[in-house]
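Biologist: I've got this protein up on my screen and I'd like to talk it through. Can you walk me around it?

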Amino acid sequence: MLATAVAATPTRAAEPDKLLPPDADVVVSVNLRQALGSEIVKRYALENLKQTLQGNDAQKFLRELGLDPLKDVDRVVVGMSGKDETDFKYLVVIHGTFDPEKLYKAAEAQTRADADHFALVKDGKDVMFKYTPDNGNPLYGTVVDEKRVILSGDKKGIADALAVPAAGKTKLGGELTTLIKGMDDKSTLWVAALASGRLDKVKLKGPAANPGIQNSLGNLQTATLVVRVEKDVDLNIGLGMKDNDAAEEAGKTVTELLQTVKGALPFLAANDPKLKPLVESSKSLKSEVRDRTVVITGKLAGQAIGDIIAPGKAD
(Lines give C-alpha, C1' and ligand atoms only; values in the text may rest on other atoms or scores of the structure.)
Protein backbone atom coordinates (compact mmCIF):
# COMPACT_ATOMS: atom_id res chain seq x y z
CA MET A 1 0.00 0.00 0.00
CA LEU A 2 2.89 2.36 -0.64
CA ALA A 3 2.75 5.28 -3.01
CA THR A 4 5.29 5.19 -5.79
CA ALA A 5 7.83 7.99 -5.39
CA VAL A 6 7.68 10.76 -7.95
CA ALA A 7 9.92 11.64 -10.82
CA ALA A 8 12.23 9.68 -13.04
CA THR A 9 15.35 10.85 -11.21
CA PRO A 10 17.20 8.25 -9.11
CA THR A 11 15.76 7.67 -5.67
CA ARG A 12 17.25 6.49 -2.40
CA ALA A 13 15.16 4.61 0.13
CA ALA A 14 14.81 6.49 3.41
CA GLU A 15 15.84 4.93 6.71
CA PRO A 16 13.97 5.60 9.98
CA ASP A 17 15.87 7.90 12.34
CA LYS A 18 16.83 5.71 15.29
CA LEU A 19 16.22 8.51 17.82
CA LEU A 20 12.52 8.80 16.99
CA PRO A 21 10.12 7.68 19.74
CA PRO A 22 8.74 4.15 19.25
CA ASP A 23 5.13 5.33 19.56
CA ALA A 24 5.43 7.87 16.73
CA ASP A 25 2.67 7.55 14.15
CA VAL A 26 3.71 10.45 11.91
CA VAL A 27 7.24 11.17 10.66
CA VAL A 28 8.20 14.25 8.65
CA SER A 29 11.58 14.70 6.99
CA VAL A 30 12.77 17.99 5.45
CA ASN A 31 15.95 17.84 3.37
CA LEU A 32 17.01 21.45 3.93
CA ARG A 33 20.32 21.05 2.11
CA GLN A 34 18.58 19.77 -1.03
CA ALA A 35 15.94 22.51 -0.85
CA LEU A 36 18.51 25.31 -0.56
CA GLY A 37 20.39 23.90 -3.53
CA SER A 38 17.32 23.66 -5.76
CA GLU A 39 16.96 25.99 -8.71
CA ILE A 40 13.60 27.34 -7.53
CA VAL A 41 14.80 28.32 -4.05
CA LYS A 42 18.10 29.78 -5.28
CA ARG A 43 16.38 31.82 -7.97
CA TYR A 44 13.22 32.99 -6.25
CA ALA A 45 13.40 32.54 -2.48
CA LEU A 46 16.93 32.35 -1.07
CA GLU A 47 17.57 36.09 -0.73
CA ASN A 48 14.17 36.68 0.84
CA LEU A 49 14.81 33.78 3.22
CA LYS A 50 18.15 35.24 4.29
CA GLN A 51 16.60 38.66 4.88
CA THR A 52 13.74 37.15 6.88
CA LEU A 53 16.14 35.23 9.09
CA GLN A 54 18.33 38.27 9.68
CA GLY A 55 15.46 40.14 11.27
CA ASN A 56 13.97 37.16 13.06
CA ASP A 57 14.26 36.75 16.84
CA ALA A 58 14.77 33.01 16.44
CA GLN A 59 17.69 33.61 14.09
CA LYS A 60 19.23 36.05 16.57
CA PHE A 61 19.00 33.40 19.25
CA LEU A 62 20.54 30.80 16.93
CA ARG A 63 23.42 33.15 16.20
CA GLU A 64 23.96 33.51 19.94
CA LEU A 65 24.27 29.73 20.03
CA GLY A 66 26.71 29.81 17.12
CA LEU A 67 24.25 28.21 14.69
CA ASP A 68 23.48 29.20 11.11
CA PRO A 69 20.53 27.12 9.87
CA LEU A 70 21.35 27.90 6.23
CA LYS A 71 24.88 26.50 6.61
CA ASP A 72 24.94 24.13 9.55
CA VAL A 73 21.66 22.21 9.17
CA ASP A 74 21.28 19.43 6.59
CA ARG A 75 18.00 17.76 7.50
CA VAL A 76 15.21 18.07 10.05
CA VAL A 77 13.23 14.97 11.07
CA VAL A 78 10.12 15.16 13.26
CA GLY A 79 8.34 12.25 14.92
CA MET A 80 4.84 12.87 16.31
CA SER A 81 2.18 10.86 18.10
CA GLY A 82 -1.20 11.37 19.76
CA LYS A 83 -4.86 11.26 18.79
CA ASP A 84 -5.62 14.75 20.11
CA GLU A 85 -4.04 17.73 21.89
CA THR A 86 -4.17 16.03 25.29
CA ASP A 87 -1.62 13.35 24.42
CA PHE A 88 0.27 15.03 21.57
CA LYS A 89 4.03 14.43 21.72
CA TYR A 90 6.89 15.14 19.36
CA LEU A 91 10.64 14.91 18.93
CA VAL A 92 12.65 17.00 16.47
CA VAL A 93 16.02 15.66 15.30
CA ILE A 94 18.18 18.27 13.59
CA HIS A 95 21.00 16.78 11.52
CA GLY A 96 23.97 18.89 10.52
CA THR A 97 27.41 19.99 11.68
CA PHE A 98 27.61 21.30 15.23
CA ASP A 99 30.16 22.20 17.92
CA PRO A 100 28.71 20.66 21.11
CA GLU A 101 30.99 22.54 23.50
CA LYS A 102 30.30 25.89 21.84
CA LEU A 103 26.56 25.24 21.81
CA TYR A 104 26.56 24.20 25.46
CA LYS A 105 28.48 27.29 26.60
CA ALA A 106 26.28 29.61 24.55
CA ALA A 107 23.09 28.02 25.91
CA GLU A 108 24.43 28.17 29.46
CA ALA A 109 25.21 31.87 29.01
CA GLN A 110 21.68 32.42 27.74
CA THR A 111 20.23 30.96 30.96
CA ARG A 112 22.14 33.59 32.92
CA ALA A 113 21.22 36.43 30.56
CA ASP A 114 17.50 35.55 30.37
CA ALA A 115 16.60 33.40 33.34
CA ASP A 116 12.90 34.16 32.89
CA HIS A 117 12.83 32.20 29.64
CA PHE A 118 15.84 29.86 29.69
CA ALA A 119 16.86 27.28 32.27
CA LEU A 120 19.40 24.50 32.62
CA VAL A 121 17.66 21.22 33.44
CA LYS A 122 19.36 18.09 34.79
CA ASP A 123 17.56 14.78 34.63
CA GLY A 124 19.83 12.15 36.10
CA LYS A 125 22.95 12.17 33.93
CA ASP A 126 21.18 14.05 31.14
CA VAL A 127 21.64 17.80 30.73
CA MET A 128 19.20 19.81 28.63
CA PHE A 129 17.99 23.37 28.23
CA LYS A 130 14.42 24.55 28.67
CA TYR A 131 12.92 27.52 26.87
CA THR A 132 9.62 28.87 28.21
CA PRO A 133 7.97 31.49 25.97
CA ASP A 134 5.75 34.21 27.37
CA ASN A 135 2.78 32.48 25.79
CA GLY A 136 2.88 28.82 24.88
CA ASN A 137 4.34 25.51 25.93
CA PRO A 138 7.96 24.97 27.01
CA LEU A 139 10.57 23.55 24.66
CA TYR A 140 13.43 21.30 25.74
CA GLY A 141 16.60 20.76 23.75
CA THR A 142 20.13 19.41 23.89
CA VAL A 143 23.07 18.41 21.72
CA VAL A 144 23.44 14.68 21.12
CA ASP A 145 26.77 14.87 19.30
CA GLU A 146 28.57 16.77 16.51
CA LYS A 147 25.86 15.81 14.03
CA ARG A 148 22.57 15.92 15.96
CA VAL A 149 20.56 18.36 18.06
CA ILE A 150 17.19 17.30 19.49
CA LEU A 151 14.12 19.25 20.63
CA SER A 152 10.96 18.11 22.40
CA GLY A 153 7.95 19.45 24.24
CA ASP A 154 8.85 17.48 27.37
CA LYS A 155 12.06 16.40 29.04
CA LYS A 156 11.12 12.70 28.90
CA GLY A 157 11.22 12.90 25.11
CA ILE A 158 14.78 14.20 25.33
CA ALA A 159 15.82 11.63 27.93
CA ASP A 160 14.37 8.73 25.92
CA ALA A 161 16.23 9.85 22.78
CA LEU A 162 19.52 10.20 24.68
CA ALA A 163 19.07 6.68 26.04
CA VAL A 164 19.24 5.18 22.53
CA PRO A 165 22.63 3.45 22.10
CA ALA A 166 24.97 4.94 19.50
CA ALA A 167 24.82 1.69 17.55
CA GLY A 168 21.12 1.15 18.24
CA LYS A 169 18.37 0.58 15.72
CA THR A 170 15.05 2.34 15.34
CA LYS A 171 12.26 1.18 17.63
CA LEU A 172 9.49 2.43 15.39
CA GLY A 173 6.68 0.01 14.63
CA GLY A 174 7.03 -2.24 11.61
CA GLU A 175 4.24 -0.67 9.57
CA LEU A 176 5.60 2.86 9.91
CA THR A 177 9.14 1.64 9.25
CA THR A 178 7.94 0.01 6.02
CA LEU A 179 6.24 3.24 4.96
CA ILE A 180 9.40 5.25 5.63
CA LYS A 181 11.54 2.86 3.62
CA GLY A 182 9.22 3.51 0.68
CA MET A 183 10.02 7.23 0.80
CA ASP A 184 12.56 8.95 -1.45
CA ASP A 185 15.29 10.32 0.82
CA LYS A 186 16.61 12.53 -1.98
CA SER A 187 13.32 14.41 -2.08
CA THR A 188 12.88 17.80 -0.43
CA LEU A 189 10.11 16.68 1.88
CA TRP A 190 8.46 13.42 2.76
CA VAL A 191 5.77 12.50 5.25
CA ALA A 192 4.76 9.00 6.38
CA ALA A 193 1.72 8.60 8.63
CA LEU A 194 -0.40 5.86 10.15
CA ALA A 195 -4.06 6.84 10.01
CA SER A 196 -6.00 3.73 11.01
CA GLY A 197 -8.35 4.58 13.89
CA ARG A 198 -6.86 8.05 14.31
CA LEU A 199 -9.45 9.91 12.23
CA ASP A 200 -12.60 8.23 13.55
CA LYS A 201 -13.65 11.30 15.54
CA VAL A 202 -12.97 13.76 12.73
CA LYS A 203 -16.18 15.31 11.41
CA LEU A 204 -15.78 17.40 8.28
CA LYS A 205 -17.62 20.69 8.05
CA GLY A 206 -18.36 23.27 5.40
CA PRO A 207 -17.41 22.59 1.75
CA ALA A 208 -15.31 19.60 2.84
CA ALA A 209 -18.32 17.84 4.39
CA ASN A 210 -18.60 15.45 1.47
CA PRO A 211 -20.04 12.00 2.34
CA GLY A 212 -17.47 10.36 0.09
CA ILE A 213 -14.58 12.10 1.84
CA GLN A 214 -16.01 11.37 5.30
CA ASN A 215 -16.38 7.68 4.46
CA SER A 216 -12.87 7.54 3.02
CA LEU A 217 -11.41 8.95 6.24
CA GLY A 218 -12.82 6.00 8.12
CA ASN A 219 -11.18 3.57 5.68
CA LEU A 220 -7.82 5.34 5.51
CA GLN A 221 -4.96 3.24 6.87
CA THR A 222 -1.84 5.15 5.85
CA ALA A 223 -0.90 8.40 4.18
CA THR A 224 2.31 9.47 2.48
CA LEU A 225 3.55 12.64 0.86
CA VAL A 226 6.66 13.20 -1.23
CA VAL A 227 7.63 16.64 -2.54
CA ARG A 228 10.65 17.20 -4.76
CA VAL A 229 11.72 20.80 -5.34
CA GLU A 230 14.17 21.28 -8.20
CA LYS A 231 13.51 23.24 -11.40
CA ASP A 232 9.83 22.46 -10.85
CA VAL A 233 7.93 20.99 -7.90
CA ASP A 234 6.78 17.37 -8.15
CA LEU A 235 4.08 16.13 -5.80
CA ASN A 236 3.11 12.58 -4.89
CA ILE A 237 0.42 11.67 -2.34
CA GLY A 238 -0.46 8.12 -1.37
CA LEU A 239 -3.65 7.25 0.51
CA GLY A 240 -3.53 3.64 1.67
CA MET A 241 -7.02 2.23 2.17
CA LYS A 242 -8.16 -0.84 4.09
CA ASP A 243 -9.04 -2.87 0.98
CA ASN A 244 -9.48 -2.65 -2.79
CA ASP A 245 -13.15 -1.70 -2.61
CA ALA A 246 -12.40 1.20 -0.26
CA ALA A 247 -9.57 2.29 -2.55
CA GLU A 248 -11.81 2.28 -5.61
CA GLU A 249 -14.46 4.36 -3.81
CA ALA A 250 -11.87 6.79 -2.49
CA GLY A 251 -10.33 6.99 -5.96
CA LYS A 252 -13.67 8.08 -7.44
CA THR A 253 -14.06 10.76 -4.76
CA VAL A 254 -10.54 12.07 -5.32
CA THR A 255 -11.06 12.17 -9.11
CA GLU A 256 -14.23 14.20 -8.64
CA LEU A 257 -12.46 16.61 -6.30
CA LEU A 258 -9.59 17.12 -8.73
CA GLN A 259 -12.03 17.82 -11.55
CA THR A 260 -13.79 20.35 -9.33
CA VAL A 261 -10.50 22.09 -8.55
CA LYS A 262 -9.47 22.19 -12.20
CA GLY A 263 -12.85 23.58 -13.20
CA ALA A 264 -12.97 26.20 -10.45
CA LEU A 265 -9.44 27.62 -10.75
CA PRO A 266 -10.00 29.52 -14.05
CA PHE A 267 -13.02 31.28 -12.53
CA LEU A 268 -11.13 32.06 -9.32
CA ALA A 269 -8.15 33.32 -11.31
CA ALA A 270 -10.42 35.67 -13.24
CA ASN A 271 -11.09 37.47 -9.95
CA ASP A 272 -7.63 37.02 -8.45
CA PRO A 273 -4.73 37.36 -10.94
CA LYS A 274 -2.34 35.79 -8.41
CA LEU A 275 -3.99 32.43 -9.07
CA LYS A 276 -3.47 32.52 -12.84
CA PRO A 277 -0.07 30.72 -12.71
CA LEU A 278 -1.81 27.79 -11.00
CA VAL A 279 -4.38 27.22 -13.74
CA GLU A 280 -1.98 25.55 -16.17
CA SER A 281 -0.19 23.59 -13.44
CA SER A 282 -3.50 22.21 -12.14
CA LYS A 283 -3.90 20.31 -15.41
CA SER A 284 -1.06 18.00 -14.31
CA LEU A 285 -3.03 16.75 -11.29
CA LYS A 286 -3.91 13.08 -11.75
CA SER A 287 -5.07 10.22 -9.58
CA GLU A 288 -5.14 6.45 -9.93
CA VAL A 289 -5.62 3.41 -7.73
CA ARG A 290 -2.65 1.07 -7.25
CA ASP A 291 -2.81 -1.90 -4.90
CA ARG A 292 -5.28 -0.47 -2.34
CA THR A 293 -3.63 2.95 -2.56
CA VAL A 294 -5.02 6.11 -4.15
CA VAL A 295 -2.03 7.87 -5.73
CA ILE A 296 -2.26 11.56 -6.57
CA THR A 297 0.49 13.19 -8.62
CA GLY A 298 1.09 16.66 -9.95
CA LYS A 299 3.72 19.14 -11.07
CA LEU A 300 3.94 22.85 -10.30
CA ALA A 301 6.12 24.59 -12.85
CA GLY A 302 8.98 26.69 -11.55
CA GLN A 303 7.83 29.52 -13.82
CA ALA A 304 4.44 29.52 -12.07
CA ILE A 305 6.07 29.58 -8.65
CA GLY A 306 8.25 32.47 -9.74
CA ASP A 307 5.22 34.37 -10.96
CA ILE A 308 3.60 33.91 -7.55
CA ILE A 309 6.43 34.61 -5.10
CA ALA A 310 8.63 36.88 -7.23
CA PRO A 311 6.60 38.52 -10.00
CA GLY A 312 8.79 39.76 -12.82
CA LYS A 313 11.81 37.76 -11.67
CA ALA A 314 10.62 34.57 -13.37
CA ASP A 315 10.98 36.09 -16.82
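Modeller: Sure. Keep in mind that this is a predicted model. To start with the overall picture, the protein has 315 residues, and buried ones make up 39% of them.

Biologist: How many helices and strands does the protein have?

Modeller: It's a mix of both kinds of element. Counting along the chain gives twelve strands, and the helices come to eleven.

Biologist: Which strands stand at the edges of the sheet?

Modeller: Twelve strands form an open sheet with antiparallel pairing, in the order β4-β5-β6-β7-β3-β2-β1-β8-β9-β10-β12-β11. A strand at an edge has a single partner, so one of its sides is left without a neighbour in the sheet. That description fits β4 (118-123) and β11 (286-290).

Biologist: And by how many degrees are neighbouring strands of this sheet turned against each other on average?

Modeller: Take the sheet with its antiparallel pairing and ignore strand direction. The average turn between neighbours is then 15 degrees.

Biologist: Which residue in β5 stands opposite V121?

Modeller: β4 pairs with β5 (residues 126-131) in the antiparallel sense, over six bridges. Opposite V121, you find M128.

Biologist: What do you call the ring pair of F118 and Y131: stacked, tilted or edge-to-face?

Modeller: A search of the whole structure turns up three aromatic pairs. In the F118 and Y131 pair, the ring centres are 4.9 Å apart and the planes sit at 35 degrees. Stacked needs under 30 degrees and edge-to-face over 60, so this pair is tilted.

Biologist: Is F118 buried or exposed?

Modeller: F118 is in strand β4 and Y131 in strand β5, 13 residues apart. Y131 has a relative accessible area of 34%, which makes it partly exposed. The cut-off for burial is under 20%, and F118, at 10%, counts as buried.

Biologist: How many residues of strand β8 are buried?

Modeller: Strand β8 spans residues 189-194 and is mostly covered. On one side, β1 (residues 26-30) pairs with β8 over five antiparallel bridges; β9 also runs antiparallel to β8, joined by six bridges. Of the six residues in β8, the number buried is five.

Biologist: What is the bridge partner of S29 in β8?

Modeller: The β1 and β8 strands are antiparallel. Elsewhere in β8, A192 stands opposite T224 in β9. For S29, the partner is W190.

Technical notes
Residues are numbered from 1 along each chain as its sequence is written. This is a predicted model: local features need pLDDT of at least 70, side-chain atom pairs count only at pLDDT 80 or more; totals for chains, interfaces and linings use all residues. Side-chain values use heavy atoms; hydrogens and water are left out. Helices (H or I, at least four residues) and strands (E, at least two) are DSSP runs, numbered from the N terminus. Buried means under 20% relative accessible area, exposed over 50%, partly exposed in between (1.4 Å probe, protein chains only). Two strands pair if DSSP finds at least two bridges between them. Axes are lines fitted to C-alpha atoms, for helices over the stretch in contact, and angles run from 0 to 180 degrees between N-to-C directions. Rings of Phe, Tyr and Trp (its six-membered ring) pair if their centres lie within 6.5 Å; planes under 30 degrees apart count as stacked, over 60 as edge-to-face and the rest as tilted.
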